[in-house]
Amino acid sequence: MSELDDFRRDTRAWLEQNAPASMRTPPKSSEELCWGGSKTKYPADVMKWLEVNAARGFTAPTWPKALGGGGLSKAQAKVLSEEMSALSLRPPLIGFGLSMIGPLLLQEGSDAHKQEHIPRIVRGEVRWCQGYSEPGAGSDLASLQTKAVRDGDHYVLEGSKIWTSYADASDWMFILVRTDASGRKQDGISFLLMDMSTPGVTVKPIRLISGASPFCETFLSDVRVPVTNLVGEENRGWAIARALLAHERTMIGDIFKEQGDRDKLLTAAREHLGEDGGRVADPVVRDRIAALEIDQTCLDLTLQRAKDAAKVGHKPGHESSIFKLVGTELNQRRRDLMCAVLGPQALGWEGDGFEPEELKATRDWLRSRGNSIEGGTSEIQLNIIAKRVLALPGA
Ligand SMILES: Cc1cc2nc3c(=O)[nH]c(=O)nc-3n(C[C@H](O)[C@H](O)[C@H](O)COP(=O)(O)OP(=O)(O)OC[C@H]3O[C@@H](n4cnc5c(N)ncnc54)[C@H](O)[C@@H]3O)c2cc1C
């Protein structure tokens, strides 16, 4: 028996012994998962599941053991993920700490940053949000105006951010600020880590079309951030911001391929449109489902190839724009198709006459409209793919 087989056997036994039964059920939404942080109260089973996994480093399986991670090889991490899926287990922790700022700090942070932040991310103690967009700086992010002026060993921040997902539930923000306005706009940006409890930070939730308020406006007035919270060099934050976006776009592209949603679409199609010899009766819908599955499989394989490249040290680059573009548009196609299958049952908002799953399908469809905007719009991804991946000539 190989070492990897031993690892698989031990891991499965450990998971079976430690996972509360409620963690073996699919969550109704990502809100039921653990995002960590000090501002949200989670049910006891969620906390127990977080704590046992964090103690074993399984919330961040491949991060260094010395910083609280699992220290697993990529092959072992894949086994862990396979065993979690086989037992239908929920991830013990999700969020921007694990998917964005953690990988970025491991790549670009100082030793002090790693020591301070990585163990707290692994244990789910701190929830992070992303302060990039501003009212006048979305697609054209480099035009951002939030100012940071040096005053002794602090920066003093003045300005505002918008569309900050979960700012009201977060403990820390990674934020882009302008430290020099004299030259090329990309050259005067710095990347800071900001404690959300610093005096002068206020957040105001924004209500979305889906009824949820997952993001906020963030106002900064005379906010003092220690200079030691600068990641990389002053005025050189643009390269760091882009490295983080590569992590973000890969994560977004990978996030929507839940097998549960794929199964739900097929089940709903059979229930609402009938079966013909075990197949969905309507040939047009059957064709659309098949085309969707083929495209999803192609994306899954391409993502797997990128993950394999990462194993040999390849940092995520401009190809992450392909994952973001295709992953989010596939998700929108899936949500559109679900509503088409449900017909008038997809027109509910609340109240009697609709099953909870039907109401959820409507809200998921509405939420999916934002997928091709968040993390950089589809048009911007197409521009990047044209210029940086395909090296097409400019207009
Ligand atoms: C659900 C959601 C969550 C978000 N979470 C966060 C967050 O946590 N933190 C954060 O900082 N931001 C967040 N954002 C903001 C997001 O990054 C911006 O909305 C996005 O970058 C687009 O910027 P904008 O809204 O200013 O649109 P604009 O940049 O004003 O774009 C408007 C339209 O013009 C098009 N366009 C603009 N420039 C070009 C061009 N050069 N070529 C072709 N077309 C172009 C765009 O594609 C778009 O269709 C979130 C957004 C959403 C929807």
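The expected span of a helix is taken as 1.5 Å times one less than its number of residues. Helices (H or I, at least four residues) and strands (E, at least two) are DSSP runs, numbered from the N terminus. Helix 9 (residues 320-342), with 23 residues, reaches 33 Å from its first C-alpha to its last, close to the 33 Å expected at 1.5 Å a residue.

The model is predicted: local features need pLDDT of at least 70, side-chain atom pairs count only at pLDDT 80 or more, and totals for chains, interfaces and linings use all residues. Residues are numbered from 1 along each chain as its sequence is written.

**Domains and helices**

The protein chain is divided into domain 1 (3-94), domain 2 (128-236) and domain 3 (256-389), with bounds that come from an automatic or database domain assignment. Between the C-alpha centres of domain 1 and domain 2 the separation is 31 Å.

Helix 8 (residues 283-311) has 29 residues, which should span 42 Å at 1.5 Å a residue; the end C-alpha atoms are 42 Å apart, so the two values agree. Just after helix 8, G313 takes a positive phi of about 95°. Helix 9 is followed by G343, whose phi is also positive, near 60°.

Q345 is found in the loop between helix 9 and helix 10 (356-368). Two residues are in contact if their C-beta atoms, placed from the backbone, lie within 7 Å. On that criterion Q345 touches F354 and E358, not counting residues up to four places away in sequence. The C-alpha atoms of Q345 and E357, 12 residues apart along the chain, are separated by 10.0 Å.

**Nonpolar cores and strand 4**

A residue is buried if 20 or more other C-beta atoms lie within 10 Å of its own, exposed if 12 or fewer, and partly exposed in between, with C-beta atoms placed from the backbone. A nonpolar core is a set of buried Ala, Val, Leu, Ile, Met, Phe, Trp, Tyr and Cys residues joined through C-beta atoms within 7 Å. The largest nonpolar core holds 67 residues, of which W128, M173, L176, L192, M194 and A241 touch the most other members. Domain 1 and domain 2 each contribute at least three residues to this core. A second, separate core of 10 residues includes L265, M338, V341 and A346. In soluble globular proteins, nonpolar side chains tend to be buried together.

M173 is placed in strand 4 (residues 172-178). Beyond four places in sequence, M173 touches W128, C129, G131, A167, M194 and M196. The C-alpha atoms of M173 and G131 are separated by 6.3 Å, although the two residues are 42 apart along the chain.

W172 also lies in strand 4. Leaving aside neighbours within four places in sequence, W172 is in contact with V126, W128, L193, M194, D195 and M196. By C-alpha atoms, W172 and P135, 37 residues apart along the chain, are separated by 21 Å.

**Burial of selected residues**

The table gives the count of other C-beta atoms within 10 Å.

| Residue | C-beta neighbours within 10 Å | Class |
|---|---|---|
| M173 | 26 C-beta atoms | buried |
| W172 | 23 C-beta atoms | buried |
| Y166 | 22 C-beta atoms | buried |
| Q345 | 18 C-beta atoms | partly exposed |
| N235 | 16 C-beta atoms | partly exposed |

Y166 lies in the loop between strand 3 and strand 4. Its phi is positive, about 60°, although Y166 is not a glycine. N235 is found in the loop between strand 8 (230-231) and helix 6 (237-255). A positive phi of about 70° is present at N235, which is not a glycine.

**Shell around the ligand**

A residue is near the ligand if its C-beta atom, placed from the backbone, lies within 6 Å of it. Of the 19 residues around the ligand, Y132, G138, S139, S165 and T377 come nearest. The shell divides into six nonpolar, 11 polar and two charged residues; here Ala, Val, Leu, Ile, Met, Phe, Trp, Tyr, Cys and Pro count as nonpolar, Asp, Glu, Lys and Arg as charged, and the others, Gly among them, as polar.

At least two shell residues come from each of strand 1 (128-131), strand 3 (154-165) and helix 11 (378-389). By domain, the shell draws at least three residues from each of domain 2 and domain 3.
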